[in-house]
Amino acid sequence: MILQTAAQRPPTASADTGTPAPSDTGARALAWSARLWFAVAVAGQLLFAWYVAAFYGGALAQGDLAQWNKVMPRGYIAGDTAGNAAIGLHLLAAVVITVGGALQLLAPLRRLAPAFHRWNGRVYVLLAVASSLIGLYMVWFRGAVGGLAQHVGISGNAVLIVVCAAYAVHHARAGRIAQHRRWALRLYLAVSGVWFFRIGLMAWIVANRGPAGFDPVTFQGPFLSFLSFAQYLLPLALLELFARVQASGQGKARIMMAAAMLVLSVATAAGVAAATMILWLPHL
Ligand code: HEM
């Protein structure tokens, strides 16, 4: 089961598989709702990874790195070899961790190929931390779009990625698998923060039929400041709520949470569709 740790399993679950007993409707609904959300999210993240590889990798293959600046105003700076290389690593890491993160959470793959899970996990953690440090350099030294609140918000995301990565590795090395999974899920959502920002912003723009709550020219405003924190705090809060409801053993609460996950899956799919049409496809 994707969003379940051993410690959180309902009493009716099988100890071997974590699968709820057939009679436990609430637990089964919750498990399937989590699978549905995960499937939608992975599909949306693979689209994002495809865009990054095709657009930024394509420019690299053509030897025309200045194309990066069509999206990132300070992506490529002529003569700044080290800075350009750091951004190249940030983009390469985006592709590898997006694909690798999806593979890490697949329970059958973990069972069938534990050695792959360990190596993919090491690469994932290393690149997520490196990418976050490079992101901090971009925000505070190289220059990035947005205002101070946005910069503080995304910096908080970087700090959380490093903290979650440290705890996930620490518990894995100590063999505390339940805690490891809990921190690995938090890490996965924190790493997905920048993706949540993109799908959240595009869904917001479509819902409002245009930019609202921010200035599209300066790319600043209250909504963007809010989203820079919400991109990771909201998914992490929902994960905690999900875990508590799952552990509570209350059928009614589980059904309600499953219904909320269904709504979230539809909202996520809508955000992915909007981001694909507005942000990603036009650059391919
Ligand atoms: C670890 C997960 C992350 C991924 C997958 C990721 C991915 C990306 C991608 C694909 C871009 C290119 C812009 C686009 O085409 O959409 C980008 C740009 C950028 N990223 Fe990240 N990023 C991550 C984390 C971070 C963090 C934690 C920070 C900040 C601390 C950060 C700061 C930036 C900045 C400043 C830009 C340039 C935006 C601009 O000003 O034009 N990233 N990132």
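These are my notebook entries on a predicted model, taken roughly from one helix to the next.

**Entry 1: α1**

I began with helix α1, which covers residues 25-61. I counted 37 residues in α1, and the distance from its first C-alpha to its last comes to 52 Å. The expected figure at 1.5 Å a residue is 54 Å, so I noted the two as close. After α1 comes Gly-63, where I found a positive phi near 70°.

**Entry 2: what the record says**

I then pulled up UniProt, where the entry is unreviewed. Under "transmembrane region" it lists residues 36-61, 81-103, 123-142, 148-167, 187-207, 219-243 and 255-281. I checked two of these spans against the model. Residues 123-142 are 100% helix and 0% strand, with end C-alpha atoms 26 Å apart. Residues 148-167 also come out as 100% helix and 0% strand, and there the end C-alpha atoms are 29 Å apart.

**Entry 3: the nonpolar core**

Which residues have the most contacts inside the largest nonpolar core? I got Tyr-56, Leu-187, Tyr-188, Trp-195 and Leu-201, in a core of 61 residues. The helices that each put in at least two residues are α1, α2 (81-104), α4 (114-142), α5 (148-173), α6 (177-191), α7 (193-207), α8 (222-248) and α9 (251-280). The top contributor is α1, with 12 residues. I also looked at the neighbours of Tyr-56: leaving out residues up to four places away in sequence, it touches Tyr-51, Trp-68, Val-71, Met-72 and Leu-91.

**Entry 4: α6**

Leu-187 and Tyr-188 made me look at α6, where both are buried. The helix has 15 residues and spans 20 Å between its first and last C-alpha, close to the expected 21 Å. Its other buried residues include Ala-178, His-180, Trp-183, Leu-185 and Arg-186. Leu-189, Ala-190 and Val-191 are buried as well. What covers the buried residues of α6? I found α1, α2, α4, α5, α7 and α8 among the elements that do.

**Entry 5: iron and α2**

Next I went to the iron atom of the ligand. Which protein residue donates to it? His-90 is the single donor from the protein, through NE2 at 2.1 Å. His-90 lies in α2.

Asn-84 is in α2 too. Is Asn-84 buried or exposed? I have it as buried, because its relative accessible area is 8%, under the 20% cut-off. Its side chain reaches the backbone oxygen of Ile-77 at 2.8 Å. A polar contact, also 2.8 Å, joins the Asn-84 side chain to that of Arg-142. Beyond residues up to four places away in sequence, Asn-84 touches Trp-68, Gly-75, Tyr-76, Ile-77 and Arg-142.

**Entry 6: the loop between α7 and α8**

Last, I looked at backbone angles. Most residues other than glycine have a negative phi, which made two residues worth a note. Arg-209 has a positive phi near 55°, and I placed it in the loop between α7 and α8. Phe-219 has a positive phi near 55°, and it is found in the loop between α7 and α8.

I checked accessibility for both. Arg-209 has a relative accessible area of 81%, so I logged it as exposed, the cut-off being over 50%. Phe-219 is at 23%, so it counts as partly exposed.

Key:
Residues are numbered from 1 along each chain as its sequence is written. This is a predicted model: local features need pLDDT of at least 70, side-chain atom pairs count only at pLDDT 80 or more; totals for chains, interfaces and linings use all residues. Side-chain values use heavy atoms; hydrogens and water are left out. Helices (H or I, at least four residues) and strands (E, at least two) are DSSP runs, numbered from the N terminus. UniProt positions are given in the numbering used here, feature names are shortened, and annotations may be inferred rather than shown by experiment. A nonpolar core is a set of buried Ala, Val, Leu, Ile, Met, Phe, Trp, Tyr and Cys residues joined through side-chain atoms within 4.5 Å. Buried means under 20% relative accessible area, exposed over 50%, partly exposed in between (1.4 Å probe, protein chains only). Contact means heavy atoms within 4.5 Å. Donors are N, O and S atoms within 2.8 Å of the metal (3.2 Å for Na, K and Ca); water is not among the atoms, so sites may look incomplete. A polar contact is a pair of N or O atoms within 3.5 Å; within protein, one must be able to donate a hydrogen and the other to accept it, and residues adjacent in sequence count only if both atoms are side-chain atoms.
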